[in-house]
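Got the viewer open? Let's take a short walk through this one, a selection at a time.

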Amino acid sequence: MKERIRSFILDGGDFEETALALYRWQRANNVEYDRFCGDVNVRQWMDIPAVPSTLFRDLSLTSFSVADATTVFRTSGTTAGTRGAVHLLDTDLYNLSAQSHAERCLGPLPSTGLSLVPMGAESSLGHMCSTFVPRMPSFFSNTDGVLVGEAWAELMRAAGRGEPLFIPGTAFAMADWMDSDHPPVCVPPGSIVMVTGGFKGRRRAVPATVLYETIARRLPGAQVVGEYGMSELASQLWSVPAGTPFIPPPWMRVLAVDPWTGAVATRGLLRFYDLANHQTVLAVETQDVGVVLPDGSVRLEGRLEGAVPRGCSLAVEEANA
Amino acid sequence: MLDSTLRALARLRSTEAGPLSQGLSPENATACLHQAIRPLSETSLTEGVERTGRLPNSLAIVVPYGVFTTPIEWTALAVAGGTGVHLKAPARDPALVRTWAQICVAEGLDVTWSTSSTLPSVDAIVAFGGDDTIDSIRAAHPQTSFSGYGHRFSVAFVGGDPQSAARSLAADVARYDSRGCMAPTAVFTTGDPHVLGAALASAMTECETRWPRGQIDSALGPEWRRRLGLGRVSGQVWMGSQWAVTVSPSAYFTPSALPRMINIHGVEDTTQFDTILAPWRRWLSTCGTDVPEHQPQGFHRICPLGWMQAPPFPRNHDGRPMLTGLHEA
């Protein structure tokens, strides 16, 4: 099955047919997912049961013995304090998927850069960025946040070398970095600034359009793009330029559903069907809300609003914190 | 004041409950309203006023959204004792507060209401809601006597016959569609959880017919599916069109109730039950149980199954006698 997915990523194929084959394979090899699905009748890819991303806090959901995992990605736990874990036997398909779709959307990736994302071993985002640009220096500390002065200094040095730069960062890290009064730095042609994530749980929020404009003004010459990904998904979506709808790879489909009934809707909770999720489950239900456009791209609208208070009972988010 | 209060309660009881209920079905709303008013008699109100002692001259009650009957007993106790009451209604649905205040005024009782978060000058405040809300109200009125009731949760414990436990438990789950801090978020049992689950499934079906579920907050969908998933993967699931029962290991206990869902966890004994809940002690409210000799630690109320959502009046609420001590500014 892995070779079949690899072939799809490299050469394309019939999504419906491959998704149904992968679904059957995962039911046969992923005991937890098989039990999760129960006696559901699946006739098309949209029928494939989607696992709530929060279940990765409780279950491993692997299509192999979890003891054989060589890589663990931890979820960010942005709403609830508990972090989920995604176990992988290897990152072959993850890397292939990430690189292929990034190059499809962005063109050839720069071979050097500087990072404003957490680069820890258990960060899928850090892993992706390291795959794109190995040994990229990071100026984000989990304890101190963005190392603002050091990042500007490194940018000056790197820009002076004249090679295009890859500069990934979370939205809040980018906002903190842009807050400094350092003069603009003209970056070499072909440089890419990647912004990902939002401001949930942060002490301040900057509107996305303001952030993109600020980056473009402070780093003239850079192409500012948006990335949407999560530990539970092997593939990412790209927004080029940042602010436009996110484009999924050909080996991924996205559905918006009614948050309560799960019925397909124009706008709703987003479910991702990712063939590159070969080792876990191909269908994942997020807690993000958006609109799936006719061409399959996605307009993100943010996180699902929390449930309204239910009297004096402990709210779901509090209980899960 | 006592006679006027009793007349007001009688009028409220005869009011159509559905539109006041913040989304419950008309049948369930009526059952909840009658259940909330039933303990408020001449005898109990008199006892309540005497037990409370000196009351403040004026009181504001900050009413939460979710359990529509919350202000009734607190208002009744206060006005029966001669206290003027201002009700701060939940802005998203003030129907019960508006109706209740109008009825009280018609009976000559000193009751006002508003959805404004700016409270009038009063001697005391009683506030319900999230811990952050409670803290902010307290901070905004540092000179006012204050009593706050933040978020809590309740659980049930079944050690006896699953069939009789199931009938009572299903009623506890159905009332208010599992809203409020007295709704059982989970059931722990020393018996066979699958036998209890099957019995509960049958009882939930009966409840669905008698007291249909009301409106659902769609934001609860992902968590609903997460718990169903945990049940399917690690235990068992029974589902009706408006309810669900799951069995899963106690490691998956989540202290937050979902509408008409009940999660069953097997435990070895009462010691394990106490151990599981120990980390949550500051949030514990009510334990419904069919083992009277079991007195678990940390709960403010221990009651028979079937009575979890029907607390006595007057009582200690979250460990404190209702309205007591509020005259001390």
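Keep in mind as you click around that this is a predicted model. Start by selecting chain B and switching on its contacts: among those between residues at least 6 apart in sequence, 72% join residues at least 24 apart.

Stay on chain B and go to cartoon view, where you'll find ten helices and 14 strands. Its radius of gyration is 20 Å, close to the 20 Å the globule rule gives for 329 residues, so chain B is as compact as a globular protein of that length. Line the view up with the principal axes, and the C-alpha trace spans about 55 × 35 × 35 Å. Colour by burial next: 54% of the 329 residues of chain B count as buried.

Now split chain B by domain. Select 2-151 for domain 1, then 153-304 for domain 2. Drop a C-alpha centre into each of these two domains and they sit 28 Å apart. Where they meet, eleven residues of domain 1 are in contact with 14 residues of domain 2. Colour the domain 1 side of that meeting by residue type and you get four nonpolar, six polar and one charged.

Last stop: bring chain A back into view. Here 36 residues of chain B are in contact with 32 residues of chain A. Which helix gives the most to the side of chain B that touches chain A? Select residues 221-234 of chain B: that's helix 9, with nine residues on that side. By type, the side of chain B that touches chain A divides into 18 nonpolar, eleven polar and seven charged residues.

Key: Residues numbered from 1 in each chain as written. Chains lettered and ligands numbered in written order. Predicted model: local features only at pLDDT ≥ 70, side-chain atom pairs only at ≥ 80, totals over all residues. Domains from an automatic or database assignment. Contact = placed C-beta atoms within 7 Å. Nonpolar A, V, L, I, M, F, W, Y, C, P; charged D, E, K, R; others polar. Helix = DSSP H or I, 4+ residues; strand = E, 2+ residues; numbered from the N terminus. Rg over C-alpha atoms; globule rule 2.2 N^0.38 Å. Buried ≥ 20, exposed ≤ 12 C-beta atoms within 10 Å, placed from the backbone.
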